[in-house]
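Subject: Structure for you to look at

Dear colleague,

I am passing on the structure below, together with an account of what was found in it. Please read the notes alongside the model itself.

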Amino acid sequence: MIDPAKFDPVAYVTAAAPAMGLSFTPERVQIVAEALALVVRIGAPALSYKLPPDSEPAPVFIP
Amino acid sequence: MTELHTMSATELARLVRQRTLSATEVAKSALARIASRNAEVNAFTEVTETRALADAAAVDAKIARGDDPGMLAGVPFAAKNLFDITGTVTLAGSKIEQRRAPAAKDAFAVARWHEAGAVCLGALNMDEYAYGFTTENSHYGACHNPHDLTRIAGGSSGGSGAAVAAGLVQISLGTDTNGSIRVPASVNGIFGIKPTYGRLSRGGSVLFCPSLDHIGPFARSTADLAVAYDSLQGDDPHDHAQAARPVERVLRTLSTGIGGMRTARLVGHFEEHGTREVQNAATTVAQALGVAAHVELPDAAAARAAAFLITSAEAAQMRLPDLRTRPDDFEPLSRDRMLAGAMIPAQWLLHAQRVRAVFRDQAWDLFRNWDILIAPATPTVATPIGQDWLEIEGERTPLRPSFGVYTQPISCIGLPVLTVPIQNADGRLPVGIQLIGAPWTESLLFRAAAVLEEAGICAAPVAPNFQ
């Protein structure tokens, strides 16, 4: 799903923050980007996992 | 007579019920002990003295009238400060929640213990919004491990673990999203149960990551844990994640042994990343339970990663309004992880939720052949407060997110886990081992834990410096 070598967390955080209603100073962009890079690193075994095409997401809404 | 603080909950309740002790005497003794020893561990963030004395007087009055005071009559308890306690502000370890009005009523779990006769002594320290494994809370101070005050008490329910291990209370309430009951149980050397997802109501607690949040009790013996757990069961129409299950009590079958139970040791992911002492402790438990095989959950690392992504995204979404307007009021140790979580795209989150479902099916396949799986709870014994990195067998990882390496794959799919303590695992400090069951099989886990306790393999006395 994601190629860590091509993923640029600074560029991504800069672009995505306004969409989340967040406003960061340039210093904070760097800090959040570092934290996101760690998320990508720890999340990599899931993000690179090949899913069976018919698998559903875990939570099921029960009315 | 044994000092009250080292007595078990079941023994205290028995003495109160037969009028050898009054609940008021017990409450006053516990309050005095908190006043003299809590500062060393910083487990309590609020002591509810007036309520405790009133609750105790009510128990004594019930007994005087000849009414049943409940299975936990007069037993001192406290709750992680994300549970509502009538009249106190529910902080969830944060500065931000100080603005809340005091709780108008008890959380469901607090009310259940109150109904069972237990006496609430206060609220306990935790990682802010339950986001952490170390309870190094910058707003309320770090919680210290009773076995070594320079070390962490684990998290996020660190106060809940330390209060029980230090003999400040007999039982406590915590929550577990990725390991927050199992990690403190492990490093404080006590028993803790994270039940099946949906078993116990979370009503009246501050949610951290709703699709993964569980609640559960801590105690110093399997019998105490069983009574505490049984008392928490019951239907709460206000928690929509609670499953429609009958109350399935564990106390009555606690001593029935493990005859016919099929037990295996989890290896692969669960024997990597940890110290030799921790693996030796798991071996000790495995041998005592007559483990017949070593088995793997091949996608455990992917499941752990999925839990990490889901937690990051959900936790941030729950706090997004405050992250937008007052980010500097968040805990510095988790604020930037929280902000990064707000950046996670929906595709990553949904992918992680599908990994979770696939892994659930993988675990179900394993439970066709096995009843209990054994794995360490933490990669190491308690680490020094302030330590940022974990180095084990040449692998260097950031400490705070790494403490859940063995617990996260399991809570990711909501399996019940009872953590049992092995004292002196490294010659001095304790560590916990997870007994993992198929969904809704808590009673089997309690029976196995009782066998380990009876054999003298697992025990949870008050920490030596606090006896």
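To begin with the interface in this predicted model, 30 residues of chain B are in contact with 27 residues of chain A. Four helices of chain B, namely helix 9 (300-318), helix 10 (320-325), helix 11 (332-341) and helix 12 (346-367), each supply at least two residues of the side of chain B that touches chain A. The largest share of that side comes from helix 12 of chain B, which gives 11 residues. By residue class, the side of chain B that touches chain A divides into 20 nonpolar, 4 polar and 6 charged residues.

One residue that you may wish to display here is B:Leu309, which, leaving aside its neighbours within four places in sequence, is in contact with A:Val39, A:Gly43 and A:Ala46 as well as with B:Ile344, B:Trp348, B:Leu349 and B:Ala352. B:Leu309 also appears in the largest nonpolar core, which has 175 residues, and there B:Val119, B:Ala306, B:Leu309, B:Ile374 and B:Ala449 touch the most other members. Helix 9 of chain B gives the most to this core, with 13 residues.

B:Ile374, also named among those core residues, leads on to strand 13 of chain B, where B:Ile372, B:Ile374 and B:Pro376 point one way and B:Leu373 and B:Ala375 the other way, all of them buried. Because 5 of the 5 residues of this strand (residues 372-376) are buried, strand 13 of chain B is largely enclosed by the rest of the structure.

As for its pairing, strand 11 (residues 263-266) of chain B is joined to strand 13 of chain B by 3 bridges, and the two run parallel; within this pair, B:Arg265 has B:Ile374 as its bridge partner in strand 13 of chain B. Strand 17 (residues 431-437) of chain B is joined to strand 13 of chain B by 5 bridges, and these two run antiparallel; here the bridge partner of B:Leu373 in strand 17 of chain B is B:Ile436.

Finally, a note on B:Ala57, which lies in helix 3 (residues 49-65) of chain B. B:Ala57 has 15 other C-beta atoms within 10 Å, and because a residue counts as buried with 20 or more and as exposed with 12 or fewer, B:Ala57 is partly exposed. The C-alpha atom of B:Ala57 is separated by 11 Å from that of B:Ala73, although the two residues are 16 residues apart along the chain.

With best wishes

Terms used
Residues are numbered from 1 along each chain as its sequence is written. Chains are lettered from A and ligands numbered from 1 in the order in which they are written. This is a predicted model: local features need pLDDT of at least 70, side-chain atom pairs count only at pLDDT 80 or more; totals for chains, interfaces and linings use all residues. Two residues are in contact if their C-beta atoms, placed from the backbone, lie within 7 Å. Ala, Val, Leu, Ile, Met, Phe, Trp, Tyr, Cys and Pro count as nonpolar, Asp, Glu, Lys and Arg as charged, and the others, Gly among them, as polar. A nonpolar core is a set of buried Ala, Val, Leu, Ile, Met, Phe, Trp, Tyr and Cys residues joined through C-beta atoms within 7 Å. Two strands pair if DSSP finds at least two bridges between them.
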